[in-house]
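Biologist: Please take one helix of this model and go through it closely. Start with the whole chain, so that I can place the part you choose.

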Amino acid sequence: MYQVDLSPDPKEAAAIEARRNQEKERQSRFFNVRTRVMGVDVKALNSQVEERKLREATDQSKEAAYGTYQEQYDLVAQMLEKEQAERTRRLAKKVQEFREQKQQLKNRREFDLWDPGRLWMEFPAHLSHSDPPCGPASLQYFAGEDLERATCLKMQQEQFSYSLERQLQEQQQVKAEEKCADMLNDQLRLAVDMQAAQLAKLEESCRMAMMSAMANANKAQAAELAEQQRCEQQREQEANLMEIQNQITSDLLTENPQVAQHPVAPHRVLPYYWRGMTPEQRAAIRKVQEVQRHEKEAQRQADKALDAEWEGQALHLAQAAMELEEQERELCAEFRRGLGSFNQQLAKEQKAQ
């Protein structure tokens, strides 16, 4: 939906490039007919085993570093959790102590509204003529008369001063609690910041250790790759020199006819070494061809004589067949004549009878 051009990850690009180089090296090793080994390549297997051991060692070192840092992080997190739980416990304890000391039930302003003993003190025994249960009919209390005004005023002033003092104390307590909460929040924030700084420092050290291990592994891999390339170039150069020497000293470029002779079957030749027939071989072939020509000519004459004999026999057979046909015609004519005379004789005898 949204096309965002993100820069590729350098680590991922380096890993992809390393895999491509390994694949190219593997293809060059497989498809090179000079260094290709039919069967098991022991050197390649040993190099793969060494690479796997190096990779496993690197992974183990990384996992060990990760485990150490994880243990440190877990320990720091446990310390922070314990400190936070202890701070919460102390704050709850202080709040409970303040409630038990300063917020008792009997010291509240609205305690007289829901005092469970209020009904017992609402109608006390008669103590004076100014008792409220005594109405105008008792002739002890008259409208407009207030004999205890001074006492009521004094009590109201005392209650007002007490309420004011209680409000001041509550405000001071609230301010002290807010100040204490702010101080605790500042301490908590400072501890969290210090812990975050420590975690950042640990993460940076872990990252530096990982980068160092990765750099060492890359250096080792680069050195190994350079050594393999050097060995490959040296082997290729030696193979080229050997091939040139073999081409110069071998019988491939010479005209030696013995090179083309098959080592197992002497009557056969090697096509990639054969340089043509020798004069003796050509003379022998011409001699054999001449003998074959004479034999073929004699065979042709024999076949011709046989054909002439077969033609004479066929002519004699045709003449014999013609003579037989002539004899058969004569016999048939004689038989017809005898049969006609016999029939006439029978007709005469029947007519005479």
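**A close look at helix α2**

Modeller: This is a predicted model. The protein chain holds five helices and zero strands, and its pattern along the sequence is α-α-α-α-α. Of its 353 residues, 7% count as buried. The accessible surface of the chain is about 30900 Å², and carbon and sulfur atoms account for 57% of that. Among contacts between residues at least 6 apart in sequence, 47% join residues at least 24 apart.

The part to look at is helix α2, which runs over residues 42–102. Helix α2 has 61 residues, and the distance from its first C-alpha to its last is 88 Å. That is close to the 90 Å expected at 1.5 Å a residue.

The buried residues of α2 are Ala44, Thr58, Lys62, Tyr69, Val76, Arg87 and Phe98. Their cover includes α1 (10–31) and α4 (149–249).

One residue on that list, Arg87, also takes part in a salt bridge: its side chain meets that of Glu83 at 2.9 Å, N to O. Side chains of opposite charge can pair when their charged atoms come close. The positions in the sequence matter here too. An α-helix has 3.6 residues a turn, so residues three or four places apart point the same way. Glu83 and Arg87 are four residues apart in α2, and so about one helical turn separates them. The two partners differ in exposure: Glu83 is partly exposed, with a relative accessible area of 37%, whereas Arg87 has 9% relative accessibility and therefore counts as buried, the cut-off being under 20%.

A second pair in α2 is Glu86 and Arg89, whose side chains meet in a salt bridge at 2.4 Å, N to O. Glu86 and Arg89 are three residues apart in the helix, again about one helical turn. Glu86 is partly exposed at 32% relative accessible area, and Arg89 counts as partly exposed at 46%. Glu86 and Arg89 are also linked with Arg90 in a network of salt bridges.

For comparison, helix α4, which helps to cover the buried residues of α2, has a salt bridge between Glu170 and Arg166, at 3.8 Å, N to O. Glu170 and Arg166 are four residues apart in α4, about one helical turn. Glu170 is partly exposed, with a relative accessible area of 41%, while Arg166 counts as buried at 12%. The search of the whole structure finds twelve salt bridges.

Notes. Residues are numbered from 1 along each chain as its sequence is written. This is a predicted model: local features need pLDDT of at least 70, side-chain atom pairs count only at pLDDT 80 or more; totals for chains, interfaces and linings use all residues. Side-chain values use heavy atoms; hydrogens and water are left out. Helices (H or I, at least four residues) and strands (E, at least two) are DSSP runs, numbered from the N terminus. Buried means under 20% relative accessible area, exposed over 50%, partly exposed in between (1.4 Å probe, protein chains only). Contact means heavy atoms within 4.5 Å. Accessible areas come from the Shrake-Rupley method with a 1.4 Å probe; for residues, only the protein chains shown count as cover. The expected span of a helix is 1.5 Å times one less than its number of residues. A salt bridge is a side-chain nitrogen of Lys or Arg within 4 Å of a carboxyl oxygen of Asp or Glu.
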